[in-house]
Amino acid sequence: MLDDYKEGQPIAYNIIKKEIKNNSIGHAYLFHSESKNVCSSFALAFAKTLLCPNKLLNNRNCADCSICRRIDNGNFPEINIINPDELWIKKDQLNDLQKKHQTKPLEGEKKVYIINEVDKLNVQAANSILKFLEEPESNIIAILTTDDINAVIKTITSRCQVIHLRREPIIDNQSNNESTLTKIGKIYYNNLDELNSFVSDELSAEKIDAIVNFIKNYEIMKVDVITKVKNNFIDIFNDKKSLIWAFDIMIFLYKDVLNMKLNRNLDIFDDYVSDIKSIADINKVDQITAKLKQLLVSKEKIKYNINVNLLMDKLILKMESGEVV
Ligand SMILES: [Zn+2]
């Protein structure tokens, strides 16, 4: 439950703990972090704290009340969780949710809904949830999460209490000794089995190498990446989901280039320190930030039905010219 986050997420933990203590829980929260998993696990822990009858009786984690158990098993009726259906959250999913929240809670005093990856609401779906957020019922609490706060529709952000979460390691050990592959795995997987299978899959390392090589080709060797992209990159990242993932990795990479430029420790790409340094050496800070912005903008466009070839061509041209659209 929430107490598990006392050390790892002290800021968010203290805000929420205080609100619970003062009985001033809001009606809508938006948690954001670079890690989807940190967001969704924190949201669930918060929801449990709101719904579990033991929350104020002790400070220990409630592992064993029937409500917490039923939430874990997905059969407690006063909580509903929505995850995107592939790339989007569909209007049907939200209609269904709204129906479920028309009635008063049968058990306890509150109903809670969680919408994960709220950046994946399309405009139509966003409008239907806006009304819901605008006319809050006192016993309904909305918890939204995103790993891409800039892509969340502003009218949603403005109706929520926005709380940032750290990108927290899921396993307590020395992150300095971790490979780039493990660090990336931890952003996407929150259980050890999934993480291990990602790390031990040869393809995972190959994909990261392919991304680093693509950037190196473009930045250092100045080869004709437009041709190369079409040959290699799109072959490997051949559907929208994996292409979005590749863009995430490129964004992490340029953030580390920026870290290097500013003499800060690298977050992720320690295994590629000489590559990162070469890229940092030939870019000014504002060039790096412009490239980061361009990557964020292009990543958003992948969600819409866009021609991938064209998107990558434009990305490279825009990064080259330094103008961001
Ligand atoms: Zn409980």
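The following dialogue reads several features of a predicted model, from the whole chain down to single residues.

Colleague: Before we turn to details, how many helices and strands are there in the chain, and what share of its residues count as buried?

Modeller: The chain has 14 helices and 5 strands, and of its 325 residues 32% count as buried. Among the contacts with a separation of 6 or more, 72% are made by residues 24 or more positions apart.

Colleague: How should I read a pair of packed helices, and at what angle do α7 and α8 pack?

Modeller: One looks at the angle, the handedness of the crossing and the residues that meet. Helix α7, residues 180-188, packs against helix α8, residues 192-200, at an angle of about 140°, and their axes are 9 Å apart. That angle makes α7 oblique to α8, since only angles over 145 degrees would count as roughly antiparallel. The crossing of these two helices is right-handed.

Colleague: Which residues of α7 and α8 meet?

Modeller: From α7 come Leu-181, Thr-182, Gly-185 and Lys-186, and they meet Leu-195, Phe-198 and Val-199 of α8. Sorted by class, this contact has 4 nonpolar, 2 polar and 1 charged residues.

Colleague: Which residues of α7 are buried, and what covers them?

Modeller: The buried residues of α7 are Thr-180, Ile-184, Gly-185, Lys-186 and Ile-187, and their cover includes α8, α9 and α11. Gly-185 and Lys-186 therefore appear both among these buried residues and in the contact with α8.

Colleague: Two of those covering helices, α9 and α11, also pack together; at what angle do they do so, and which residues meet?

Modeller: The general idea helps here: an α-helix has 3.6 residues a turn, so residues three or four places apart point the same way. In this case Ile-208, Ile-211, Val-212 and Ile-215 of α9 meet Ala-246, Ile-249, Met-250 and Leu-253 of α11. By class, that contact has 8 nonpolar, no polar and no charged residues. Helix α9, residues 202-219, and α11 pack at an angle of about 60°, with axes 10 Å apart, which makes α9 oblique to α11, and α9 passes α11 in a right-handed crossing.

Colleague: Turning to the backbone, what is the phi of Asn-23, and where does this residue lie?

Modeller: Most residues other than glycine have a negative phi. Asn-23, although not a glycine, has a positive phi of about 55°, and its place is in the loop between α1 (10-21) and β1 (28-32). Asn-23 counts as exposed because it has 6 C-beta neighbours inside 10 Å. Asn-263 also has a positive phi, near 60°, and is found in the loop between α11 (240-261) and α12 (273-281); with 7 C-beta neighbours inside 10 Å, Asn-263 counts as exposed.

Colleague: Is Glu-117 buried or exposed, and where does it lie?

Modeller: To read burial, one counts C-beta neighbours, and 20 or more within 10 Å make a residue buried. Glu-117 has 22 such neighbours and therefore counts as buried, although its place is in the loop between β3 (111-115) and α5 (123-134).

Colleague: With which residues is Glu-117 in contact, leaving aside its neighbours within four places in sequence?

Modeller: Those contacts are with Lys-36, Asn-83, Pro-84, Thr-145 and Thr-146. As a further reference point, the C-alpha atoms of Glu-117 and Phe-31 are separated by 9.8 Å, while the two residues are 86 residues apart along the chain.

Notes:
Residues are numbered from 1 along each chain as its sequence is written. This is a predicted model: local features need pLDDT of at least 70, side-chain atom pairs count only at pLDDT 80 or more; totals for chains, interfaces and linings use all residues. Helices (H or I, at least four residues) and strands (E, at least two) are DSSP runs, numbered from the N terminus. A residue is buried if 20 or more other C-beta atoms lie within 10 Å of its own, exposed if 12 or fewer, and partly exposed in between; C-beta atoms are placed from the backbone. Two residues are in contact if their C-beta atoms, placed from the backbone, lie within 7 Å. Axes are lines fitted to C-alpha atoms, for helices over the stretch in contact, and angles run from 0 to 180 degrees between N-to-C directions. Angles under 35 degrees count as roughly parallel, over 145 as roughly antiparallel, 65 to 115 as roughly perpendicular and the rest as oblique. A crossing is left-handed if the near helix is turned anticlockwise from the far one by less than a right angle, and right-handed if clockwise. Ala, Val, Leu, Ile, Met, Phe, Trp, Tyr, Cys and Pro count as nonpolar, Asp, Glu, Lys and Arg as charged, and the others, Gly among them, as polar.
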